[in-house]
Amino acid sequence: MSFSDLIGNEAVKKILKAFARKRKLPHALLFTGEDGVGKKSFAIELVRALFCQNQIDGESCSICHACKKIRLNIPSEKEDFKKVIFSSHGDFGVVLPQNKVINVDAIRDLEMQTRLKPLEAQMRIFIIDEAEKMTSAASNALLKTLEEPPSTSHVILISSHANLILPTILSRCQILSFAPVDFKEMAVFLSRKRKIPLESAQVLARCAKNVSKALAVDIEEFFERRKQVLEVFKASVNSDFVTLLGLTEGISDSIEEFLELMHDVAHDLWIIKLGISDKISNTDLESQLRTIAERVNEKTILTWLEEIEELRKAMQVNPNKKIASDALFVKMTYG
Amino acid sequence: MSYQAIARKWRPQRFEEVVGQEAITKTLQNTIRSGRIHSAYIFSGPRGVGKTTLARIFAKALNCLKTDKPNPFPCSSEDDACFSCKEIAESRSIDVLEFDAASNTQVEKVRDLIIERVDTVPVRDRYKVFIIDEVHMLSTSSFNALLKTLEEPPPQVVFLMATTEIHRVPATILSRCQKFYFQTISTEKIFQKLKSIAEKENVEIEDEALWEIARAGEGSMRDALTSFDQVISFASTLEKTSKIQIEDVVTTLGRASSEVLRRTINAVAEGNPSEIISIVDEISRKGQNLIVFCHDLLLLIRNLLVVKISDSLIENNAFSSEELKKIGSAFTEKDLIRLFHSLSELQTRLRQAKEPRYQLEVGLVKLIEIRRLTPIEEIIDRLEKLEKLILSSSTEEVKKKSELTQTIEDLLGSDSLSTITSSDLEHVEISSLDSELEEILKFQGDDLKPLKNAPKITVSKDNSIDRSVKIPKPPKDASEEEIRKWVENHPKTALIKSYLGARLIKVESKR
């Protein structure tokens with residue numbers, strides 16, 4: 001693993017390589033960007049390159065002692081999340097959220113750890129993953145550490161929702177924003193990695209929107225699910241409520257993925273309605289989407305988009321999935 | 001070689017170096033000059049405007065060893081500073097204790113680190129100074145434990161507290177402190193500071209680029225300095241030899257360039273949704289923050305509006321006022337106000353959006369729709385006319401059915417009035433208008449339903465009422481109950497009821 005194995009974000013890569021080459025790092029960095037664009041992989045690779053003993057032009061050698069030791073360990077014990085989680089390398093630690101929050105204890109431990117001198121490398125680097133999940137107490141506890149840490153300690157915050165982070169924290173960090181990986185690049189990567197035809201890789205890339213998800217998703221299931229989504233829209237314009245209720249049976253387990261796909265399809269319908277059909281994501285379904293789009297007006301599609309968005313937000317607080325999806329379909333069919 | 005952030009390296013060391021808080025620095029200097037030193041001060045204000053910095057300078061001034069009393073001009077760190085000032089600058093002074101309230105919120109820590117130590121006299125210096133940063137994070141019991149100490153500390157103890165959220169500090173604490181409210185710093189002043197730092201650091205950068213950084217700071221010096229740091233370190237990775245340009249700043253800070261903003265507002269003016277979709281595609285592909293983009297667009301619309309009112313109010317901006325006028329000519333003032341409302345709502349929605357990109361696209365395309373709508377005032381005007389007509393007809397008791405419906409149809413027309421739906425009304429926030437409109441719409445038979453679909457007012461002749469029936473008049477001494485009954489049964493009342501759908505509320509006797 002080295003920087004050249006990571007796809008996309010060439011500009012960011014260039015900056016990180018320069019940091020590694022000079023072995024110099026700002027004391028507080030924030031990596032932002034959508035989920036799954038590679039923020040964490042880049043961060044770990046940066047640490048590896050910085051600590052690597054035979055670093056060549058900002059790239060780690062991946063065979064030396066330090067390179068091998070730097071890995072992300074995910075502990076199983078609940079108590080471990082209240083501390084900085086160290087890898088086998090003593091100068092690289094991470095703070096991870098547990099039960100959707102980063103506890104103040106972990107940040108206090110981090111504060112203590114930043115005050116120690118490096119053990120093996122020339123600096124200590126700490127990563128806070130999903131930094132927006134810090135509690136208010138945790139965020140505030142981090143403020144002083146972020147502003148004036150000892151010169152050998154560096155903190156990298158990672159967050160896909162930087163807008164939820166305290167402004168006083170943002171003002172102390174240098175922010176690197178990661179762009180979504182280009183679809184074409186991703187499709188080529190996917191078709192090579194997953195051994196699927198380029199065409200389906202393209203659809204997958206556009207719908208999954210990020211690399212890690214596209215790699216994880218079960219392809220057959222994905223296409224099957226998309227077929228169901230299309231059924232939902234068809235049944236909805238036909239006011240065929242019986243079919244709709246039948247469909248909810250199958251989907252309540254994977255409703256979040258299902259809603260995401262619905263969102264994409266509804267958005268495609270809207271784009272078709274605006275008359276710019278070359279911008280749609282589900283390119284292979286264009287003709288079917290067109291027939292649906294002909295039967296609804298723009299206002300209805302906008303309401304759908306809004307309803308889906310609302311429901312996706314509501315999903316974060318664990319509603320009854322069956323009832324929620326039924327309710328959505330009722331609203332979509334009867335307005 | 002360790003490297004220090006610009007914001008830390010150039011932290012002001014003397015009162016004069018603090019930018020943008022003249023009133024406060026003057027007051028503090030005068031306090032020291034006159035020797036009227038209070039026991040507790042609280043500094044509040046937004047992030048990065050100099051609270052902690054001033055607290056440290058104040059501590060230096062109190063303990064500076066250059067003079068034998070507190071010195072309003074403490075040593076700065078470069079020249080031959082006294083021990084005390086040097087130590088405070090390196091935050092290792094034995095008598096100036098900096099306490100991070102956010103990591104030590106518990107009452108035990110407060111007791112250990114503050115209350116216990118208050119009673120010992122200063123070791124070497126004049127004053128024992130406690131700097132409590134982020135004081136709003138202390139727990140309730142910690143605050144309460146501090147109360148007595150704050151009120152009557154030993155004579156040589158000074159508390160300096162700093163916070164961004166003064167509303168979270170209990171009133172009992174506040175009433176024992178002298179309060180200083182820090183303001184955000186003007187873009188102009190941030191720019192000057194950046195320029196002087198750029199000169200000292202030998203950074204070659206265009207003035208325009210510095211202005212952009214200063215604007216990005218939004219009144220916070222530290223934000224601007226952090227951005228500046230970022231621009232310098234990122235520009236150096238590009239191995240550019242020329243001066244840093246405004247484009248470099250825009251790309252490193254992930255802000256939308258003025259070009260993109262111009263294209264967006266033009267697309268709205270021309271009603272071109274496909275241009276909007278491709279703009280959003282472009283900025284999200286670059287990984288730019290969509291909320292920041294929305295914010296910048298909001299600022300642009302605000303400036304368009306301001307330029308329509310007065311040129312002089314525009315601060316230094318990415319767009320010249322001539323350009324703003326040119327762009328703004330496509331919009332009326334009312335248009336701009338509506339765009340502003342709709343956009344600011346979009347901004348709040350974006351913050352929690354699951355699919356922010358879709359939200360932004362839909363929100364921006366909606367802006368085009370908004371321009372196409374008939375202004376709400378006009379609609380209300382028409383409705384008012386309608387209302388008057390109906391009301392006047394009811395006072396004349398009964399108008400002929402055909403006449404009335406005819407005029408209503410005239411007023412509504414079949415295509416002269418565009419449909420209003422509740423979502424279109426969202427951008428109107430004048431409550432008086434709202435309630436008025438609601439009243440009128442209620443009269444039409446439904447809340448906020450499209451007017452067209454509202455049931456037409458039809459006045460029908462009810463043949464079931466027999467007017468020939470005569471009911472005897474009630475006697476002169478009849479009770480109210482009896483009169484009421486008589487009125488109820490009177491054929492005239494029945495007529496009015498059936499024509500106007502009215503109901504009897506009150507009966508008054510003329511006698």
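Tutor: Let us begin with a definition: a salt bridge is a side-chain nitrogen of Lys or Arg within 4 Å of a carboxyl oxygen of Asp or Glu. By that rule, 10 salt bridges are counted between chain B and chain A, and the count over all chains comes to 47. Please keep in mind that this is a predicted model.

Student: What makes the pair Glu134(B) and Arg172(A) a salt bridge?

Tutor: The closest N and O atoms of Glu134(B) and Arg172(A) are 3.7 Å apart, and the cut-off is 4 Å, so the pair qualifies.

Student: Where does Glu134(B) lie, and why is Glu134(B) called buried?

Tutor: Glu134(B) is placed in the loop between β3 (128–133) and α6 (140–151) of chain B. Its relative accessibility is 5%, and buried means under 20%, so the word applies to this residue. The backbone of Glu134(B) also has a positive phi of about 50 degrees, although the residue is not a glycine.

Student: Which other residue that is not a glycine has a positive phi, of about 55 degrees, and what makes that residue exposed or buried?

Tutor: That residue is Asn202(B), which lies in the loop between α8 (187–201) and α9 (207–217) of chain B. Asn202(B) has a relative accessible area of 67%, and exposed means over 50%, so Asn202(B) is exposed.

Student: How do you know that the salt bridge of Glu147(A) with Arg11(B) joins two chains?

Tutor: Glu147(A) lies in helix α5 of chain A, while Arg11(B) lies in the loop between α1 (6–9) and α2 (22–34) of chain B, so the pair joins two chains. The closest N and O atoms of this pair are 3.1 Å apart, and both residues are buried. Glu147(A) and Arg11(B) also belong to a network of salt bridges, whose members include Arg172(A) and Glu134(B).

Student: What else describes the contact between chain B and chain A?

Tutor: In this contact, 56 residues of chain B touch 55 residues of chain A, and the area buried between the two chains is about 4800 Å², with carbon and sulfur atoms giving 53% of it. Between these chains there are also 19 residue pairs in polar contact, both residues being at pLDDT 80 or more. On the side of chain B that touches chain A, the largest share, 9 residues, comes from α10(B), and the residues of that side divide into 13 nonpolar, 21 polar and 22 charged.

Student: Why are Asp326(A) and Lys322(A) said to be separated by about one helical turn?

Tutor: They are 4 residues apart in helix α15 (residues 321–334) of chain A, and therefore about one helical turn separates them. Their side chains meet in a salt bridge at 3.2 Å, N to O.

Student: What makes Asp326(A) buried and Lys322(A) partly exposed?

Tutor: Asp326(A) has 17% relative accessibility, and buried means under 20%, so Asp326(A) counts as buried. Lys322(A) has 26%, which falls between the limits of 20% and 50%, so Lys322(A) counts as partly exposed.

Student: Why is Lys68(A) called exposed?

Tutor: Lys68(A) has a relative accessibility of 55%, and because exposed means over 50%, the name fits. This residue lies in helix α3 (residues 65–69) of chain A, and, leaving aside neighbours within four places in sequence, Lys68(A) is in contact with Ser62(A) and Ile63(A).

Student: How do you know that Thr145(A) is buried?

Tutor: Its relative accessible area is 7%, and the limit for buried is under 20%, so Thr145(A) belongs in that class. Thr145(A) lies in helix α5 (residues 136–147) of chain A, in contact with Glu111(A) and Thr114(A) once neighbours within four places in sequence are left aside.

Student: Which residues have the most contacts inside the largest nonpolar core?

Tutor: They are Phe233(A), Met262(A), Trp270(A) and Phe329(A), in a core of 96 residues. Helix α12 (residues 255–274) of chain A gives the largest share of this core, 12 residues. Not counting residues up to four places away in sequence, the residues that Phe233(A) touches include Met262(A), Leu269(A) and Trp304(A). In soluble globular proteins, nonpolar side chains tend to be buried together.

Note on methods. Residues are numbered from 1 along each chain as its sequence is written. Chains are lettered from A and ligands numbered from 1 in the order in which they are written. This is a predicted model: local features need pLDDT of at least 70, side-chain atom pairs count only at pLDDT 80 or more; totals for chains, interfaces and linings use all residues. Side-chain values use heavy atoms; hydrogens and water are left out. A nonpolar core is a set of buried Ala, Val, Leu, Ile, Met, Phe, Trp, Tyr and Cys residues joined through side-chain atoms within 4.5 Å. Buried means under 20% relative accessible area, exposed over 50%, partly exposed in between (1.4 Å probe, protein chains only). Contact means heavy atoms within 4.5 Å. Buried area is the accessible area (1.4 Å probe) that two parts lose on being put together, summed over both. A polar contact is a pair of N or O atoms within 3.5 Å; within protein, one must be able to donate a hydrogen and the other to accept it, and residues adjacent in sequence count only if both atoms are side-chain atoms. Ala, Val, Leu, Ile, Met, Phe, Trp, Tyr, Cys and Pro count as nonpolar, Asp, Glu, Lys and Arg as charged, and the others, Gly among them, as polar.
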